[in-house]
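Trainee: I would like a close look at a single helix in this model. Please go through its sides, its ends and its surroundings, and then place it in the rest of the chain.

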Amino acid sequence: MDGIVFVGAVGIAVRSIAPFIENKAKDPAVIVLDEEGMFCIPILAGHLGGANALALWIAHAVGAVPVITTATDRKKRFAVDLFAKENDLEISDLKLAKEISAALLAGKKIPICCEKELPEILPEGLYCCEDFAEEPARPGIYIGIKRCGEKGVLSLIPKAVTVGIGCRRGTDKEKINRCVHEACKEANIHKKAISRVASIDLKAREQGILEWCRESGIPFAVYPAEVLNDVEGSFTSSAFVKETTGVDNVCERSALLSSDGGKLIQRKTAVDGVTAALAVREWRIHFA
């Protein structure tokens with residue numbers, strides 16, 4: 001469920017959910033509303049699960065008092081997990097995200113670097129950083145699709161990258177994974193930035209791709225050869241692929257087509273009979 005609302009005592013709700021709690025990234029929003037409808041209390045997944053927002057909505061609807069207890073909300077500080085949720089960003093390290101919130105609550109300044117231009121006025125406690133290699137302050141925040149190897153820096157990753165895949169029939173998921181990993185490595189792209197996998201419709205039932213996508217939680221899109229042929233651009237052509245599929249390149253064309261008007265950032269990478277290419281769509285962030 002996305003959200004669970006208990007009407008009754010907080011203690012009953014806590015005992016009911018306790019055996020099922022996993023972690024901040026997976027837990028749903030849990031709200032408690034007393035029987036008289038006086039108080040509405042989020043007790044789990046306030047930010048990432050959206051419990052705080054749901055509690056405010058319910059409280060407004062029934063005339064209750066919302067009881068928000070998360071420290072960043074109470075002290076009106078920047079909450080990195082809420083910011084990530086609002087901007088559809090993947091969090092690289094939940095423990096580090098917690099350290100950043102604690103540092104901000106303690107009054108420390110946090111450097112933030114982004115692949116896109118940041119606004120001149122940032123939330124209290126944040127300041128713009130151009131390059132973490134030259135920035136000694138830790139912890140820090142990096143926003144973008146590229147991998148940031150600096151220790152103590154939290155990556156917030158937009159899911160903006162499409163992977164185009166071509167492969168032989170019967171290719172297993174391990175080979176698919178190796179090729180995607182290599183393409184991301186060559187382009188220095190974080191794998192958590194992948195939002196979609198694309199290919200030709202001949203691969204619509206390719207088990208290796210389907211299994212990899214299912215286990216990775218990534219949707220899979222396929223396109224007919226005539227649609228891929230109409231994609232404009234310069235591609236790595238293959239006569240063999242053209243003869244076999246009806247289109248000179250599957251991975252690059254499908255990646256670009258599925259990127260919603262984006263651009264290629266990694267051309268064909270070939271590993272173990274699998275080809276992969278990367279394209280990125282336009283993305284942006286906003287601060288509430």
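Mentor: Ala53, Trp57, His60 and Ala61 are exposed on one side of helix H2. The model is a predicted one, and everything below is computed from it. Helix H2 covers residues 51-62, which makes 12 residues. From its first C-alpha to its last, H2 reaches 16 Å, close to the 16 Å expected at 1.5 Å a residue.

Now turn to the other side. Ala51, Asn52, Ala55, Ile58 and Ala59 of H2 are buried. Looking down the axis of H2, one finds these buried residues within an arc of 125°, so they line one face of the helix. That face has several partners: the buried residues of H2 pack against strand E1 (3-7), strand E2 (29-33), strand E3 (39-44) and strand E4 (65-66), as well as against helix H3 (71-74). Just after H2 comes glycine 63, with a positive phi of about 80°.

Next, the wider setting. The protein chain has 288 residues, of which 45% count as buried, and it contains 10 helices and 14 strands. Its C-alpha atoms fill a box of roughly 70 × 45 × 30 Å along the principal axes. Among contacts between residues at least 6 apart in sequence, 59% join residues at least 24 apart.

In soluble globular proteins, nonpolar side chains tend to be buried together. In this model the largest nonpolar core has 50 residues, and Leu126, Ile141, Ile143, Leu156, Ile285 and Phe287 are those with the most contacts inside it. Helix H6 (residues 173-187) gives the largest share of this core, six residues. A second, separate core has 10 residues, and this is where H2 comes back: Ala55 and Ile58 are among its members, along with Ile31 and Ala64.

Back in the largest core, Ile285 can serve as an example. Leaving aside residues up to four places away in sequence, isoleucine 285 touches Phe83, Asn87, Leu89, Cys114, Leu118 and Ile143.

Phe83 also belongs to an aromatic cluster, together with Phe78 and Phe287. A search of the whole structure finds three aromatic pairs. In one of them, the rings of phenylalanine 78 and phenylalanine 83 have centres 5.3 Å apart and planes at 55°, so this pair is tilted. Both of these phenylalanines are buried. Phenylalanine 83 and phenylalanine 287 make a stacked pair, with 4.7 Å centre to centre and 20° between the planes. This stacked pair links distant parts of the chain, since phenylalanine 83 is in helix H4 (residues 80-86) and phenylalanine 287 is in the segment after strand E14 (274-280), 204 residues apart.

A last stop is serine 254 in helix H10 (residues 251-257). Serine 254 has 0% relative accessibility and therefore counts as buried. A polar atom of its side chain lies 3.3 Å from the backbone oxygen of cysteine 251. Not counting residues up to four places away in sequence, serine 254 touches Gly164, Ile165, Ala198, Ser199, Tyr223 and Leu228.

Definitions and conventions. Residues numbered from 1 in each chain as written. Heavy atoms only, no water. Core = buried A, V, L, I, M, F, W, Y, C linked by side-chain atoms within 4.5 Å. Buried < 20%, exposed > 50% of the residue type's maximum accessible area, 1.4 Å probe, protein only. Helix = DSSP H or I, 4+ residues; strand = E, 2+ residues; numbered from the N terminus. Contact = heavy atoms within 4.5 Å. Polar contact = N/O pair within 3.5 Å; in protein donor to acceptor, adjacent residues only side chain to side chain. Expected span 1.5 Å × (residues − 1). Arc of directions from axis to C-beta. Phe/Tyr/Trp six-rings, centres within 6.5 Å; stacked < 30°, edge-to-face > 60°.
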